[in-house]
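Here are a few exercises to work through with the structure open beside you. Try each one before you read its solution.

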Amino acid sequence: MDNKDTTHSHLLSFLNAIPPVDFCCVYGSTLHSTDPGKSTMVDYILGVSDPLQWHSENLKMNADHYASWMVLLGGAKLITNVADKLGVGVHFNPYVTWNNKVNMLVDNLDIETINSVNLRAAVSAALLLLPPKFTEEDLYAKICSLSYMGDVRMLFAEDRNKVKKIVQGQFDLFQSMYKPFLEDYEGLWLTSDSLAHIFPSSNC
C-alpha cells in the first residue's frame, strides 16, 4: 500500500467513530502539504440529512466533539438550532481535528458534480479579474486569492505570501483541477495563442 492509500485509509478510519453520514470531505495540509516541516491538520466537513438526529447520536458517542456549554444547556437541539438559526446551517468545532486540501471520502449526494460548477466559476472569475496577459501561475494565484477576498485576517494575521506559497506548493494539483476548464474556453474567451502563452510547454 503506497502513502496515498495509507493516508486515505487513515482518513476513512475517523468515520468509524461517528454515526453514518451522507457526505464527507476533508481538507488541510495533510492532503497537499505546502510546508513539509510544518505540523499538519485535517478538517472534516460532514453532510447529513437529519442534523438533529445525527447530533443526538454523536453526542452519545463523542460528547467531546462539542463545546461543553452547548452539551449542558441544550444538547443536540441547541447545537442544531444555533447552526440553523444563528449561522448558515453548518456546525463547526475547530478543535475536533486530527493532527495527522479537498478529498471526498463519502459522496451520496453527488457533491463532486456540483463542485465542478464551482471550479468552472472560479476560472471564469479569475479570467475576468486578470490583465490581458498572464502566466499559468498568475491564473492559479488569482483563483486561490478568491477564497481570501474579504477575509480581514489577510490584513494583519495571515502570511502575505500565503497565496503564492499555496500555489507553488500545490502547482500540479491546481493544474489538474483547473487546466481542463481553461482549455474549454478556447474559441470563446481565449485564443489558441493565448493558451500557448499561458501554457508555453504544452500543446494547447
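**Exercise 1: two helices crossing**

In this predicted model, α6 and α8 are oblique to each other. Work out which numbers lead to that label, and which residues make the contact.

Solution. Start with the axes: those of α6 and helix α8 (residues 162-169) come within 9 Å and cross at roughly 125 degrees. Now check the classes: 65 to 115 degrees is roughly perpendicular and over 145 is roughly antiparallel, so an angle falling between those two ranges is oblique. As for handedness, the crossing of α6 and α8 is right-handed.

Next, the residues. On the α6 side you'll find Glu-137, Tyr-140, Ala-141, Cys-144 and Ser-145, and they meet Val-163, Lys-164, Ile-166, Val-167 and Gln-168 in α8. Sorted by class, that contact has six nonpolar, two polar and two charged residues.

**Exercise 2: a ring pair**

Take Tyr-140 and Phe-171: what kind of aromatic pair do they form? Then say which parts of the chain the pair ties together.

Solution. First, the geometry: the ring centres of Tyr-140 and Phe-171 are 5.4 Å apart, with 70 degrees between the planes. Planes over 60 degrees apart count as edge-to-face, so that's your label.

Second, the location. Tyr-140 sits in helix α6 (residues 136-145) and Phe-171 in helix α9 (residues 171-184), so the pair ties together parts 31 residues apart in sequence.

Third, exposure: Tyr-140 is buried at 0% relative accessibility, while Phe-171, at 23%, is partly exposed.

Finally, look around: ring pairs link Tyr-140, Phe-171, Phe-174 and Tyr-178 into a cluster.

Definitions and conventions:
Residues numbered from 1 in each chain as written. Predicted model: local features only at pLDDT ≥ 70, side-chain atom pairs only at ≥ 80, totals over all residues. Heavy atoms only, no water. Phe/Tyr/Trp six-rings, centres within 6.5 Å; stacked < 30°, edge-to-face > 60°. Helix = DSSP H or I, 4+ residues; strand = E, 2+ residues; numbered from the N terminus. Buried < 20%, exposed > 50% of the residue type's maximum accessible area, 1.4 Å probe, protein only. Axes fitted to C-alpha atoms, helices over the stretch in contact; angles between N-to-C directions. Parallel < 35°, antiparallel > 145°, perpendicular 65-115°, else oblique. Left-handed = near helix turned anticlockwise from the far one by under 90°. Contact = heavy atoms within 4.5 Å. Nonpolar A, V, L, I, M, F, W, Y, C, P; charged D, E, K, R; others polar.
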